[in-house]
Amino acid sequence: MSQLAIQCSKYCSKGVKHVELGRRFFALWQDLKNDDWRGRMGAAAPLIASVGETLDELESYHEGMLTALENAFSGHMTDFIAKGMSTARRLKQTHQQASDDLGAALDKYLQSKTGGTEGATTDAFAKDVVDKRIKYELARFDLIGELNQQATKKRLQLCDRVCSAVYGFLGYHHTCHSTLAVLETGIADLSQSATKARRLLDK
């Protein structure tokens, strides 16, 4: 999941750069409003400039979609992963300490059995082994439970992020379609006018 978050961040970063290039490109279209360009392009200049403004607006929607995607997918997942790793690391350390304590208690008990230690001392070591074994099993149970819980949470988080990303793309492309549809009639007229003018030139 960490790789997903990293790649999402890279994707959004490059997407923002693409948006910046698009805005520079479409700004040139909008320059057709200037008197100098009007003289060259004639009646087509206002429409082309309007298209440039619309496409620049779509770049703003694109940037908004990328920002939302990075915040929801990359940023949220990065925080989730960091918290999960912190908890798992703490429980793993507790489990390791319990394992070391159990090993030390077993060594003392075995040494007392082979070294002719008094029975009362051996019994105390045996009781300590039992206590340390209980702590070890509890620590192991907590660690395994946390890892299983995190695995389930990761699946749910990934499903949530994917749904969020898809809805973000759907909203963006729906907005693009609705916005560009307004220009369709004007673009069709411009295309027909250009076709007629080209035919006149060919005669």
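Helices, of at least four residues, and strands, of at least two, are DSSP runs numbered from the N terminus. The exercises below use a predicted model.

**Exercise 1. Describe the secondary structure of the chain and the order of its elements.**

Solution.
Step 1. Count the elements: the chain has 5 helices and 0 strands.
Step 2. Read them from the N terminus on: the order is α-α-α-α-α.

**Exercise 2. Set the radius of gyration of the chain against that of a compact globule of 203 residues.**

Solution.
Step 1. For a compact globule of 203 residues, the expected radius of gyration is near 17 Å.
Step 2. The chain itself has 34 Å.
Step 3. Turn to the box along the principal axes: the C-alpha atoms fill roughly 120 × 25 × 25 Å.

**Exercise 3. State what share of the residues is buried and how much area the chain exposes.**

Solution.
Step 1. A residue counts as buried under 20% relative accessible area.
Step 2. By this cut-off, 25% of the 203 residues are buried.
Step 3. The exposed area of the chain is about 13,800 Å².
Step 4. Carbon and sulfur atoms supply 58% of that area.

**Exercise 4. Find what share of the contacts between residues at least 6 apart in sequence joins residues at least 24 apart.**

Solution.
Step 1. Take the contacts in the chain between residues at least 6 apart in sequence.
Step 2. Of these, 78% join residues at least 24 apart.
Step 3. Thr54, in helix H3, can serve for a look at single contacts. Leaving aside neighbours within four places in sequence, Thr54 is in contact with Thr179, Leu180 and Leu183.
Step 4. Is Thr54 buried or exposed? Its relative accessibility is 10%, so Thr54 counts as buried.

**Exercise 5. Count the charged side chains and the salt bridges.**

Solution.
Step 1. The chain carries 27 positive and 25 negative side chains.
Step 2. The centres of these two sets lie 3 Å apart.
Step 3. Side chains of opposite charge can pair when their charged atoms come close.
Step 4. A search of the whole structure gives 5 salt bridges.

**Exercise 6. Place the salt bridge between Arg23 and Glu63 in the chain.**

Solution.
Step 1. The side chains of Arg23 and Glu63 meet at 3.2 Å, N to O.
Step 2. Arg23 belongs to helix H1 (residues 2-30) and Glu63 to helix H3 (residues 44-114).
Step 3. The two residues are 40 residues apart, and the pair links distant parts of the chain.
Step 4. Check the exposure of each partner. Arg23 has 27% relative accessibility and so counts as partly exposed. Glu63, at 26%, is partly exposed as well.

**Exercise 7. Explain how far apart the partners of two salt bridges in helix H4 lie along the helix.**

Solution.
Step 1. One salt bridge joins the side chains of Asp128 and Lys132 at 2.7 Å, N to O.
Step 2. Asp128 and Lys132 are 4 residues apart in helix H4 (residues 119-181), so about one helical turn separates them. Asp128 is partly exposed, with a relative accessible area of 24%.
Step 3. Another salt bridge joins Glu137 and Arg133 at 2.9 Å, N to O.
Step 4. Because Glu137 and Arg133 are 4 residues apart in helix H4, they too are separated by about one helical turn.
Step 5. Glu137 has a relative accessible area of 25% and is partly exposed; Arg133, at 44%, also counts as partly exposed.
Step 6. Arg133 and Glu137 belong, with Arg140, to a network of salt bridges.

How values were computed: Residues are numbered from 1 along each chain as its sequence is written. This is a predicted model: local features need pLDDT of at least 70, side-chain atom pairs count only at pLDDT 80 or more; totals for chains, interfaces and linings use all residues. Side-chain values use heavy atoms; hydrogens and water are left out. The radius of gyration is taken over C-alpha atoms; the globule rule is 2.2 Å times the number of residues to the power 0.38. Buried means under 20% relative accessible area, exposed over 50%, partly exposed in between (1.4 Å probe, protein chains only). Contact means heavy atoms within 4.5 Å. Accessible areas come from the Shrake-Rupley method with a 1.4 Å probe; for residues, only the protein chains shown count as cover. Lys and Arg count as positive and Asp and Glu as negative; His and the chain ends are not counted. The place of a charge is taken as NZ of Lys, CZ of Arg, CG of Asp or CD of Glu. A salt bridge is a side-chain nitrogen of Lys or Arg within 4 Å of a carboxyl oxygen of Asp or Glu.
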